[in-house]
Amino acid sequence: MTADRKAGQSMGSVFPHLITQDLPTMVSVKDADFSSVDAVFCCLPHGTTQDIIKGLPRHLKIVDLSADFRLRDIAEYEEWYGQPHSASDLQKEAVYGLTEISREDVKNARLVANPGCYPTSIQLPLVPLIKAKLIEHRNIIIDSKSGVSGAGRGAKEANLYSEIAEGIYSYGVTKHRHVPEIEQGLSDAAQSKINVSFTPHLMPMIRGMQSTIYVEMSQGVTMEDLYQQLRKSYEDEEFVKLLDKGVVPRTHNVRGSNYCFMNVFPDRIPGRAIIISVIDNLVKGASGQALQNLNIMLGYPENTGLLYQPLFP
Ligand SMILES: NC(=O)C1=CN([C@@H]2O[C@H](COP(=O)(O)OP(=O)(O)OC[C@H]3O[C@@H](n4cnc5c(N)ncnc54)[C@H](OP(=O)(O)O)[C@@H]3O)[C@@H](O)[C@H]2O)C=CC1
Ligand SMILES: CC(=O)N[C@@H](CCC(=O)OP(=O)(O)O)C(=O)O
């Protein structure tokens, strides 16, 4: 367990909920001894990650939770993240780890780019529908809502209690940096370029994420086709669940777990459908999916360390 400003402090003082665990004092990355370490999770700010990963020994398997290796197109990364990319060779080696979609590639990867939370909640329902050619590539409208923990622990005025409580706000309107990541995954599924309308919102809750997605069905396709495709895609998956028809997914029902719950509903406008998916942004949207990926990379049962039920209420 490494740190930067908090190097030298005990885990228990930084995360008091872990005080009962016998955990080591945190060291800075440069002082860490990786000789007897098999694998690392890298959970550093975008940009910082590339330089640190470049310096890590090659024997390590790495799951990186930042965005530094998610976008294949380096120019696109530099445009959306506003900083140069200094590890394009490592980028070429990286596998995008949306587990249920890329499991076979993750198995053989040394470096996995763990997806962002919004892209996870959006691609899980859309990729199978696009691959099966059940929805049109145009007019995909995505409205997403996130808990405040998605913004990390750093102090920012916009994340103060008095700014967040009892209200919601949209941010990154038309230019959120997850847009290229979402479009990359959907375009791969379609094998042609897809553009989406995406607006994220910050909700007065600690954790949880919902994406409500409005799509146009392809000619001749019915709601039943969409439902059955999602059922077929995920019926053998432990962590992605299509709910019974008509049941609305709720963030409360996946809180603190690695589950993604989803469902599909008919729009009042003929030919259109509404998809709702929910995850815990910190688990399936971050650390849970990262652990799922590492389990696959190391040949462990995929659910190791992930067998806990959602915390309710
Ligand atoms: N929050 C979320 O829902 C999600 C976040 N992510 C990604 O995970 C990463 C971390 O996010 P989050 O945990 O929220 O951010 P935080 O700001 O809460 O944590 C950042 C961590 O990085 C450490 N750090 C910062 N700079 C350096 C450095 N130069 N060298 C070594 N360590 C450093 C910090 O250590 P110290 O405190 O000691 O300075 C801290 O532990 C980001 O890339 C983020 O995009 C991914 C998915 C979801
Ligand atoms: C609420 C909030 O601020 N959310 C973050 C997304 C967090 C996340 O998962 O994305 P990355 O892994 O790409 O950082 C944001 O919108 O920037």
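Author: Before we start, a word on domains: their bounds here come from an automatic or database domain assignment. The model itself is predicted. The protein is divided into domain 1 (2–115 + 285–298) and domain 2 (117–284). Taken over C-alpha atoms, the centres of domain 1 and domain 2 are separated by 24 Å.

Reader: How do you know which residues of domain 1 and domain 2 are in contact, and how many are there?

Author: Two residues are in contact if their C-beta atoms lie within 7 Å. By that test, 17 residues of domain 1 are in contact with 23 residues of domain 2. On the side of domain 1 that touches domain 2, helix 3 (74–81), helix 5 (99–107) and helix 10 each supply at least two residues. Helix 10 gives the largest share of that side, six residues. By class, the side of domain 1 that touches domain 2 holds eight nonpolar, five polar and four charged residues.

Reader: Why is ligand 1 said to lie between the domains?

Author: Domain 1 and domain 2 both give residues to the shell around ligand 1, so ligand 1 lies between them. That shell has 23 residues, and the closest are Ala3, Asp4, Lys6, Ser66 and Gly152. Nine residues of the shell are nonpolar, ten are polar and four are charged.

Reader: What about ligand 2: which residues surround it?

Author: Around ligand 2 you will find Ala67, Gly116, Cys117, Ser146, Gly150, Ala151, Pro200, Leu202, Gly285 and Ala286. Strand 9 (196–202) and helix 10 (283–298) are the elements that give two or more residues to this shell. Domain 1 and domain 2 each provide at least three of the shell's residues.

Reader: How many residues of each class are in the shell around ligand 2?

Author: The shell around ligand 2 has six nonpolar and four polar residues, and no charged ones.

Reader: Cys117 caught my eye. What makes Cys117 count as buried or exposed?

Author: We count C-beta neighbours. A residue is buried if 20 or more other C-beta atoms lie within 10 Å of its own. Cys117 has 28 C-beta neighbours inside 10 Å, so Cys117 counts as buried. Cys117 lies in helix 6 (residues 117–131). Not counting residues up to four places away in sequence, Cys117 touches Ser146, Gly150, Met209, Asn281, Gly285 and Ala286. An unreviewed UniProt entry gives Cys117 the annotation "active site".

Reader: And Phe265: why is Phe265 placed in its own exposure class?

Author: Between the buried cut-off of 20 or more and the exposed cut-off of 12 or fewer, a residue is called partly exposed. Phe265 has 15 C-beta neighbours inside 10 Å, so Phe265 counts as partly exposed. Phe265 sits in strand 12 (residues 260–266). Leaving aside neighbours within four places in sequence, Phe265 is in contact with Ala273 and Ile274. Phe265 and Lys245 are 20 residues apart in sequence, and their C-alpha atoms are 8.2 Å apart in space.

Reader: What makes strand 7 and strand 9 a pair?

Author: Two strands pair if there are at least two bridges between them. Strand 7 and strand 9 have seven bridges, so with that cut-off of at least two they pair, in the parallel sense. Ile141, for example, has Ser197 in strand 9 as its bridge partner.

Reader: In which sense do strand 7 and strand 10 pair, parallel or antiparallel?

Author: Strand 7 and strand 10 (residues 209–216) pair in the antiparallel sense, over six bridges. In strand 10, Thr212 stands opposite Asp143.

Reader: Why is strand 7 called mostly covered?

Author: Using the buried cut-off of 20 or more neighbours, five of the seven residues of strand 7 (residues 140–146) are buried, so strand 7 is mostly covered.

Technical notes. Residues numbered from 1 in each chain as written. Chains lettered and ligands numbered in written order. Predicted model: local features only at pLDDT ≥ 70, side-chain atom pairs only at ≥ 80, totals over all residues. Near = placed C-beta within 6 Å. Helix = DSSP H or I, 4+ residues; strand = E, 2+ residues; numbered from the N terminus. Nonpolar A, V, L, I, M, F, W, Y, C, P; charged D, E, K, R; others polar. UniProt positions renumbered as here; feature names shortened; annotations may be inferred.
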